[in-house]
Amino acid sequence: MEHVLNAEDPTGARAGRQLFSKQEVRQFFQQMAVRIDPEAFELLWAIACLPDQSCLRTVRRTVQLIVKKFGVETISRQDVLDALPLLLGDMGHQLVRSADHYVESTSGQVQAA
(Lines give C-alpha, C1' and ligand atoms only; values in the text may rest on other atoms or scores of the structure.)
Protein backbone atom coordinates (compact mmCIF):
# COMPACT_ATOMS: atom_id res chain seq x y z
CA MET A 1 0.00 0.00 0.00
CA GLU A 2 2.96 2.34 0.28
CA HIS A 3 2.83 3.07 -3.46
CA VAL A 4 -0.78 4.24 -3.15
CA LEU A 5 0.43 7.43 -1.51
CA ASN A 6 2.49 8.20 -4.56
CA ALA A 7 0.48 8.86 -7.70
CA GLU A 8 3.45 10.47 -9.44
CA ASP A 9 5.90 7.64 -8.87
CA PRO A 10 4.28 4.29 -7.98
CA THR A 11 7.68 2.75 -7.20
CA GLY A 12 7.89 4.95 -4.10
CA ALA A 13 11.26 6.31 -5.20
CA ARG A 14 10.19 9.88 -4.54
CA ALA A 15 7.35 11.66 -2.80
CA GLY A 16 4.22 12.18 -4.85
CA ARG A 17 0.64 13.04 -4.11
CA GLN A 18 -2.67 11.28 -3.58
CA LEU A 19 -4.69 10.57 -6.70
CA PHE A 20 -7.34 13.04 -5.48
CA SER A 21 -7.21 15.63 -2.76
CA LYS A 22 -10.04 15.81 -0.26
CA GLN A 23 -11.03 19.15 -1.76
CA GLU A 24 -11.31 17.64 -5.24
CA VAL A 25 -13.58 14.90 -3.92
CA ARG A 26 -15.67 17.46 -1.97
CA GLN A 27 -16.15 19.45 -5.17
CA PHE A 28 -17.18 16.26 -6.96
CA PHE A 29 -19.87 15.65 -4.33
CA GLN A 30 -21.04 19.26 -4.52
CA GLN A 31 -21.63 18.78 -8.24
CA MET A 32 -23.70 15.69 -7.40
CA ALA A 33 -25.73 17.73 -4.87
CA VAL A 34 -25.51 15.13 -2.10
CA ARG A 35 -24.69 15.44 1.59
CA ILE A 36 -22.19 13.03 3.07
CA ASP A 37 -21.29 12.66 6.73
CA PRO A 38 -17.57 12.88 7.66
CA GLU A 39 -17.00 9.14 8.17
CA ALA A 40 -18.65 8.30 4.85
CA PHE A 41 -16.61 11.03 3.19
CA GLU A 42 -13.32 9.59 4.48
CA LEU A 43 -14.24 6.15 3.15
CA LEU A 44 -15.37 7.45 -0.25
CA TRP A 45 -12.31 9.68 -0.56
CA ALA A 46 -10.06 6.70 0.16
CA ILE A 47 -11.89 4.60 -2.44
CA ALA A 48 -11.37 7.39 -4.98
CA CYS A 49 -7.63 7.30 -4.23
CA LEU A 50 -7.15 3.55 -4.59
CA PRO A 51 -5.44 2.60 -7.84
CA ASP A 52 -7.14 0.06 -10.12
CA GLN A 53 -10.58 0.65 -8.59
CA SER A 54 -11.99 3.02 -11.24
CA CYS A 55 -11.48 5.81 -8.71
CA LEU A 56 -14.24 8.38 -8.89
CA ARG A 57 -16.35 6.21 -11.16
CA THR A 58 -16.81 3.65 -8.38
CA VAL A 59 -17.54 6.43 -5.89
CA ARG A 60 -20.09 8.02 -8.23
CA ARG A 61 -21.84 4.71 -8.87
CA THR A 62 -21.91 3.95 -5.14
CA VAL A 63 -23.42 7.32 -4.27
CA GLN A 64 -25.97 7.03 -7.08
CA LEU A 65 -27.01 3.60 -5.83
CA ILE A 66 -27.39 4.87 -2.25
CA VAL A 67 -29.50 7.82 -3.32
CA LYS A 68 -31.70 5.71 -5.61
CA LYS A 69 -32.07 2.60 -3.45
CA PHE A 70 -31.99 3.99 0.09
CA GLY A 71 -33.34 7.49 -0.54
CA VAL A 72 -31.36 9.02 2.32
CA GLU A 73 -30.84 12.75 2.85
CA THR A 74 -27.30 12.39 4.19
CA ILE A 75 -25.12 9.45 3.22
CA SER A 76 -23.57 7.64 6.18
CA ARG A 77 -20.65 5.23 6.33
CA GLN A 78 -23.15 2.41 6.92
CA ASP A 79 -24.94 3.35 3.69
CA VAL A 80 -21.65 3.01 1.83
CA LEU A 81 -20.92 -0.32 3.56
CA ASP A 82 -24.37 -1.56 2.53
CA ALA A 83 -24.13 -0.32 -1.05
CA LEU A 84 -20.67 -1.55 -2.05
CA PRO A 85 -21.51 -5.29 -1.83
CA LEU A 86 -24.70 -4.63 -3.82
CA LEU A 87 -22.63 -2.90 -6.47
CA LEU A 88 -19.48 -5.04 -6.45
CA GLY A 89 -20.34 -8.29 -4.63
CA ASP A 90 -17.56 -9.69 -2.45
CA MET A 91 -15.15 -7.22 -4.03
CA GLY A 92 -17.05 -4.49 -2.16
CA HIS A 93 -15.90 -5.86 1.20
CA GLN A 94 -12.30 -6.04 -0.01
CA LEU A 95 -12.54 -2.49 -1.30
CA VAL A 96 -13.66 -1.27 2.15
CA ARG A 97 -10.72 -3.03 3.81
CA SER A 98 -8.29 -1.47 1.33
CA ALA A 99 -9.85 1.97 1.77
CA ASP A 100 -9.71 1.71 5.57
CA HIS A 101 -6.06 0.72 5.33
CA TYR A 102 -5.44 3.69 3.06
CA VAL A 103 -7.04 6.09 5.56
CA GLU A 104 -4.92 4.61 8.38
CA SER A 105 -1.73 4.86 6.32
CA THR A 106 -2.39 8.48 5.40
CA SER A 107 -3.53 9.77 8.79
CA GLY A 108 -1.03 12.33 9.91
CA GLN A 109 0.42 12.57 6.40
CA VAL A 110 -2.59 14.12 4.67
CA GLN A 111 -3.84 17.52 5.63
CA ALA A 112 -7.61 17.84 5.78
CA ALA A 113 -8.57 20.08 2.91
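**Exercise 1. At its relative accessibility, does valine 96 count as buried or exposed?** Then place valine 96 in its surroundings within this predicted model.

*Solution.* Begin with the location: valine 96 belongs to helix α5. Its relative accessibility is 10%, and the cut-off for a buried residue is under 20%, so valine 96 counts as buried. Next, look for partners beyond the neighbours within four places in sequence; these contacts are Leu43, Arg77, Leu81 and Leu84. Finally, take leucine 84 from that list: it lies 12 residues from valine 96 in sequence, and the C-alpha to C-alpha distance between them is 8.2 Å.

**Exercise 2. Work out how helices α4 and α5 are arranged, and which residues make their contact.**

*Solution.* Helix α4 covers residues 77-88 and helix α5 covers residues 90-106; their axes come within 6 Å and cross at roughly 135°. Angles from 65 to 115 degrees would be roughly perpendicular and those over 145 roughly antiparallel, and α4 and α5 are therefore oblique to each other. The handedness of this crossing is right-handed. On the α4 side the contact is formed by Arg77, Leu81, Leu84, Pro85 and Leu88, while α5 supplies Asp90, Met91, Gly92, His93, Leu95, Val96 and Asp100. Sorted by class, the residues in this contact are seven nonpolar, two polar and three charged.

**Exercise 3. Carry out the same analysis for α3 and α4, and then examine valine 63 of helix α3.**

*Solution.* The axes of α3 and α4 are 9 Å apart, and the two helices pack at an angle of about 105°. This angle falls in the range of 65 to 115 degrees, and α3 and α4 are therefore roughly perpendicular to each other. From α3 the contact draws on Thr58, Arg61, Thr62, Leu65, Ile66, Lys69 and Phe70, and from α4 on Asp79, Val80, Asp82, Ala83, Leu84, Leu86, Leu87 and Leu88. By class, the α3 and α4 contact comprises nine nonpolar, two polar and four charged residues.

Turning to valine 63, which sits in helix α3 (residues 55-70), its relative accessible area of 1% makes it buried. Apart from neighbours within four places in sequence, valine 63 touches Phe29, Met32, Val34, Leu44 and Ile75. Of these, leucine 44 is 19 residues away in sequence and 9.0 Å away in space, C-alpha to C-alpha.

**Exercise 4. How many aromatic pairs does a search of the whole structure find, and how is the pair of tryptophan 45 and tyrosine 102 classified?**

*Solution.* The search gives three aromatic pairs. For tryptophan 45 and tyrosine 102, the ring centres are 5.3 Å apart and the planes stand at 55°, so the pair is tilted. Tryptophan 45 lies in helix α2 (residues 38-49) and tyrosine 102 in helix α5, so the pair ties together parts that are 57 residues apart in sequence. Both tryptophan 45 and tyrosine 102 are buried. Elsewhere in the aromatic set, Phe28, Phe29 and Phe41 make up one cluster.

**Exercise 5. What is the sign of phi at alanine 33, and where is alanine 33 found?**

*Solution.* As background, most residues other than glycine have a negative phi. Alanine 33, although not a glycine, has a positive phi of about 55°. Its place is the loop between α1 (22-32) and β1 (35-36). With a relative accessibility of 68%, alanine 33 counts as exposed.

How values were computed
Residues numbered from 1 in each chain as written. Predicted model: local features only at pLDDT ≥ 70, side-chain atom pairs only at ≥ 80, totals over all residues. Heavy atoms only, no water. Axes fitted to C-alpha atoms, helices over the stretch in contact; angles between N-to-C directions. Helix = DSSP H or I, 4+ residues; strand = E, 2+ residues; numbered from the N terminus. Parallel < 35°, antiparallel > 145°, perpendicular 65-115°, else oblique. Left-handed = near helix turned anticlockwise from the far one by under 90°. Contact = heavy atoms within 4.5 Å. Nonpolar A, V, L, I, M, F, W, Y, C, P; charged D, E, K, R; others polar. Phe/Tyr/Trp six-rings, centres within 6.5 Å; stacked < 30°, edge-to-face > 60°. Buried < 20%, exposed > 50% of the residue type's maximum accessible area, 1.4 Å probe, protein only.
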